[in-house]
Amino acid sequence: MYGKEARSKQEIVVLASGRGSNFQALIDAGQAGYFPGIIARLITDNPDAHAIRRAKDAGIPVSVLDFASFPDRAAYEAALVLEMEECDPELFVLAGYMRILPEAIVRTFPGRIINIHPALLPSFPGLRAPRQAFEYGVKVSGCTVHFVDEGTDTGPIVIQRCIPVEEDDDEESLAARILVEEHRILAEAVRLFLEGRIRMAGRWVGIR
Ligand code: GRF
């Protein structure tokens with residue numbers, strides 16, 4: 001059991017599928033005392049995720065739910081629900097988690113799951129957002145932290161930051177500058193949430 005019982009600190013649980021640089025930003029912020037809580041666990045669907053190495057280096061427990069080892073999506077999602085219910089942290093953070101969460105999970109944790117997205121939503125939801133923005137020809141892009149709802153990158157917006165697209169940018173250089181800002185606003189959103197400074201009213205998210 002690793003639920004809310006006998007807990008002295010607020011907990012966050014991170015879901016990540018790959019490189020894990022946003023996860024690392026949260027590890028660093030947590031270790032620096034930037035937010036009032038601890039990262040209690042990493043959950044990943046990818047046994048090869050570099051995020052696992054980052055968790056181990058930081059002494060954070062890892063749950064690997066290898067998507068490929070389940071007979072179908074429903075079986076994977078059932079296992080994920082159980083794992084998330086078992087953890088039951090104050091906040092779940094999707095930090096480069098590359099799957100859509102099923103409605104059952106979103107409904108189980110209303111207002112307790114946030115996601116980082118590398119574009120100014122509602123523009124360019126889904127995969128490869130920096131490429132979408134670059135190919136569209138926008139002059140300003142950025143990143144968004146939002147609550148997760150049943151849609152794809154459609155939930156109420158918590159924080160956004162703008163990144164101008166420079167004349168000599170390509171997809172990679174734009175994505176790299178956005179990523180730097182992602183790391184900042186994700187940690188900031190976690191801090192605001194754990195400090196109880198976020199209020200949601202429908203789509204409107206107020207910060208005090
Ligand atoms: C980030 O750009 C994140 O916004 C997107 O996927 C990327 C993951 O990068 N959802 P990392 O694994 O955090 O380095």
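A polar contact here is a pair of N or O atoms within 3.5 Å. Keep that cut-off at hand for these exercises on a predicted model.

**Exercise 1. Find the polar contacts between the ligand and the protein, and say how much of the ligand is covered.**

Solution.
- Step 1: Start with Glu182, where a polar side-chain atom is 2.5 Å from a ligand oxygen. That pair falls within the 3.5 Å cut-off.
- Step 2: Turn to Arg19, which also places a polar side-chain atom 2.5 Å from an oxygen atom of the ligand.
- Step 3: Look at Ile116, where a polar backbone atom lies 3.3 Å from a ligand oxygen.
- Step 4: Now take the cover: on its own the ligand has 370 Å² of accessible area, and the protein covers 85% of this.

**Exercise 2. List the residues that surround the ligand, sort them by class, and name the elements that give two or more of them.**

Solution.
- Step 1: The ligand is surrounded by Arg19, Gly20, Ser21, Asn22, Gly96, Ile116, His117, Pro118 and Glu182.
- Step 2: By class, this shell has two nonpolar, five polar and two charged residues.
- Step 3: Place the ligand: it sits in the largest pocket.
- Step 4: Two elements give two or more residues to the shell, namely helix H1 (21-31) and strand S5 (113-117).

**Exercise 3. Describe the largest pocket: its volume, its lining and the elements behind that lining.**

Solution.
- Step 1: The volume of the largest pocket is about 960 Å³.
- Step 2: Its lining has 38 residues, and those closest to the centre are Gly96, Met98, Ile116, Pro118 and Leu127.
- Step 3: H1, S5, helix H5 (129-136) and helix H6 (171-194) each give two or more residues to this lining.
- Step 4: H6 provides the largest share, with six residues.
- Step 5: Sorted by class, the lining holds 16 nonpolar, 14 polar and eight charged residues.

**Exercise 4. Inspect the backbone at Pro122 and Phe124, and say where these residues lie.**

Solution.
- Step 1: Check the peptide bond from Leu121 to Pro122: it is cis, with omega near 10°.
- Step 2: Locate Pro122, which is in the loop between S5 and H5.
- Step 3: Move on to Phe124, a residue other than glycine with a positive phi, near 55°.
- Step 4: Phe124 is placed in the loop between S5 and H5.

Terms used
Residues are numbered from 1 along each chain as its sequence is written. This is a predicted model: local features need pLDDT of at least 70, side-chain atom pairs count only at pLDDT 80 or more; totals for chains, interfaces and linings use all residues. Side-chain values use heavy atoms; hydrogens and water are left out. A residue is near a molecule or strand if one of its heavy atoms lies within 4 Å of it. A polar contact is a pair of N or O atoms within 3.5 Å; within protein, one must be able to donate a hydrogen and the other to accept it, and residues adjacent in sequence count only if both atoms are side-chain atoms. Accessible areas come from the Shrake-Rupley method with a 1.4 Å probe; for residues, only the protein chains shown count as cover. On a 1 Å grid over the protein atoms alone, a cavity is a set of points where a 1.4 Å probe fits but cannot get out, and a pocket is an open set with protein on both sides within 12 Å along at least five of seven lines; lining residues have an atom within 4 Å of a point. A molecule sits in a cavity or pocket if more than half of its atoms lie within 2 Å of its grid points. Helices (H or I, at least four residues) and strands (E, at least two) are DSSP runs, numbered from the N terminus. Ala, Val, Leu, Ile, Met, Phe, Trp, Tyr, Cys and Pro count as nonpolar, Asp, Glu, Lys and Arg as charged, and the others, Gly among them, as polar. Grid points are joined across faces, edges and corners, and a volume is the space filled by probe spheres set on the points.
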